[in-house]
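Colleague: I've just opened this one and I'm not sure where to start. Could you walk me through it?

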Amino acid sequence: GRNALIASPPMEIRAAVLEEFGKPLVVQDVSLDGPKAGEVLVRVEACGVCHTDMYTASGVDPSGYAPTVLGHEGAGVVEAVGDGVTSLKPGDHVLTLFSPQCRECVHCTSGKTNICLAIRDEQNLGHLPDGTTRLHRGDERIRHFMGTSTFAEATVMPEIALAKVDPAAPLDVLCTLACGATTGIGAALYIAEVEQGSTVAVFGAGLVGLGAVAGAKLAGAERIIIVDPSEDRRAKAVELGATDELTGGEDTVERILELTGGFGGDYTFEATGLVNVMRQAVEAARMGWGQCVIAGVAGKGETLNVIPRYLITGRRIAGASFGGARGRDDVPALARLYLEGKLPLDAFISHHLPLDQVNEAFELMERKDGIRTVLTFD
Ligand code: CU
Ligand code: ZN
């Protein structure tokens, strides 16, 4: 990584800007103002390229906006802090949290959810909490995608949206915990709370599904059935602890019942975002106590078909954003598990590319080539 301090703000930084929906991102210089009260300037060292970035760039998401700097799976080093920031100082290693944790709102204090309410409305508009942006190009404001905008050499974010992690862990690996890996691992550990000796089925072996496999394995699951059409991705899941493989298709629920003595999984995880696969995940959960966790994101307006009999006979369906992880508490703990050799995050990373090649990272994702591309900024 780069050890030199970046110029003091306002500064010019390289960033990948979504100018127009459906068009390639344009990497260019933009201006970044310094952190205001409660905000932190972070030098981005690495950033994973996630499906949500590509989905927004495509223009299919009706809540998308442009121009904006995309990127939300970021890892970096604190460069400067604004007034009133107490939990972070220059030099700290951080992961960016599109799902913040203020520790004060009615949701955070409930202990029942990771969905913090503190800055939600402004974040959804691409603004920092005070309703303004630090990113601009002359007089033109550039919005902060998901409150993170980490396809950039630096970003300014609220203190409550940064997780401080052990600096011993490499940031180009840890960045996966800023979205995809935590979404899958958390689905297993925090939402399903997988028990030792249990039987699990995971639909989809992208980063989120592989995270669920790794989380279930860590929790001591005895059988882990992976469902994915890609032989390469299934092989990766087996490497991480999957015990049985299915290719998917119309008869998947029957195949899972056959593999489990007619019962189905104690836990099933959906990580494809396809509503017909979600339905299979519900139906492949065990009668009596089967817990289905929906971790994939369906297209806007799509609905999930569930036959009520599956519920009345004891199956439950849960959904989660960011794997139910409370970002500032749980993400540092997952980083420690990685350092202890208990979470194989390295296995999730298939490509490294420089920021300038961000559009190639989208092409790799479209071709389902590899699992995760990590952008670097050297
Ligand atoms: Cu993501
Ligand atoms: Zn909160």
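Colleague: Which residues of H9 are buried?

Modeller: Buried means under 20% relative accessible area, checked with a 1.4 Å probe and protein chains only. Helices here are DSSP runs of H or I with at least four residues, strands are E runs of at least two, and both are numbered from the N terminus. Go along H9 with that cut-off and the buried ones are Val 275, Val 277, Met 278, Gln 280, Ala 281, Val 282 and Glu 283.

Colleague: What kind of model is this, by the way?

Modeller: Residues are numbered from 1 along each chain as its sequence is written, chains are lettered from A and ligands numbered from 1 in written order, and side-chain values use heavy atoms, leaving out hydrogens and water. Local features need pLDDT of at least 70 and side-chain atom pairs pLDDT 80 or more, while totals for chains, interfaces and linings use all residues, since this is a predicted model.

Colleague: Back to H9: how much of the helix is enclosed by the rest of the structure?

Modeller: H9 runs over residues 275–283, which is nine residues. Seven of them are buried, so the rest of the structure leaves H9 largely enclosed.

Colleague: And what do those buried residues of H9 pack against?

Modeller: Look for contacts, meaning heavy atoms within 4.5 Å. Two helices turn up, H8 (252–259) and H10 (309–312). The strands they pack against are S12 (199–203), S15 (267–270), S16 (291–294) and S17 (316–319).

Colleague: Let's zoom out. What share of the chain's residues is buried?

Modeller: The chain has twelve helices and 19 strands, and its C-alpha trace spans about 65 × 40 × 35 Å along the principal axes. Out of 378 residues, the buried share is 55%.

Colleague: Where does Phe 322 lie?

Modeller: This one is worth a look for its backbone: phi is near 55°, positive in a residue other than glycine. Most residues other than glycine have a negative phi. Phe 322 is also buried, at a relative accessible area of 2%. You'll find Phe 322 in the loop between S17 and helix H11 (327–339).

Colleague: What about Met 146, buried or exposed?

Modeller: Met 146 isn't a glycine, yet its phi is positive, about 55°. It sits in the loop between strands S9 (143–144) and S10 (154–158). With a relative accessible area of 18%, Met 146 is buried.

Colleague: Which peptide bond is cis?

Modeller: Head for the loop between H1 and strand S4 (68–69), where Pro 67 lies. Omega there is near -5°, and the cis bond goes from Ala 66 to Pro 67.

Colleague: Which helix supplies the largest share of the lining of the largest cavity?

Modeller: A cavity is a set of points on a 1 Å grid over the protein atoms alone where a 1.4 Å probe fits but can't get out, and lining residues have an atom within 4 Å of a point. This cavity has 13 lining residues, with Met 365, Asp 369, Ile 371, Arg 372 and Thr 373 nearest its centre. Strands S18 (349–354) and S19 (372–376) are among the elements giving at least two residues each. The largest share, three residues, comes from H12.

Colleague: How much space lies in the second largest cavity?

Modeller: Volume here is the space filled by probe spheres set on the points, which are joined across faces, edges and corners. The structure holds two cavities of 30 Å³ or more, and the largest has about 80 Å³. The second largest has Met 146 in its lining, along with residues including Leu 97, His 127 and Pro 158. Its volume is about 50 Å³.

Terms used: Buried < 20%, exposed > 50% of the residue type's maximum accessible area, 1.4 Å probe, protein only. 1 Å grid on protein atoms, 1.4 Å probe; cavity = no way out; pocket = protein on both sides within 12 Å on 5 of 7 lines; lining within 4 Å.
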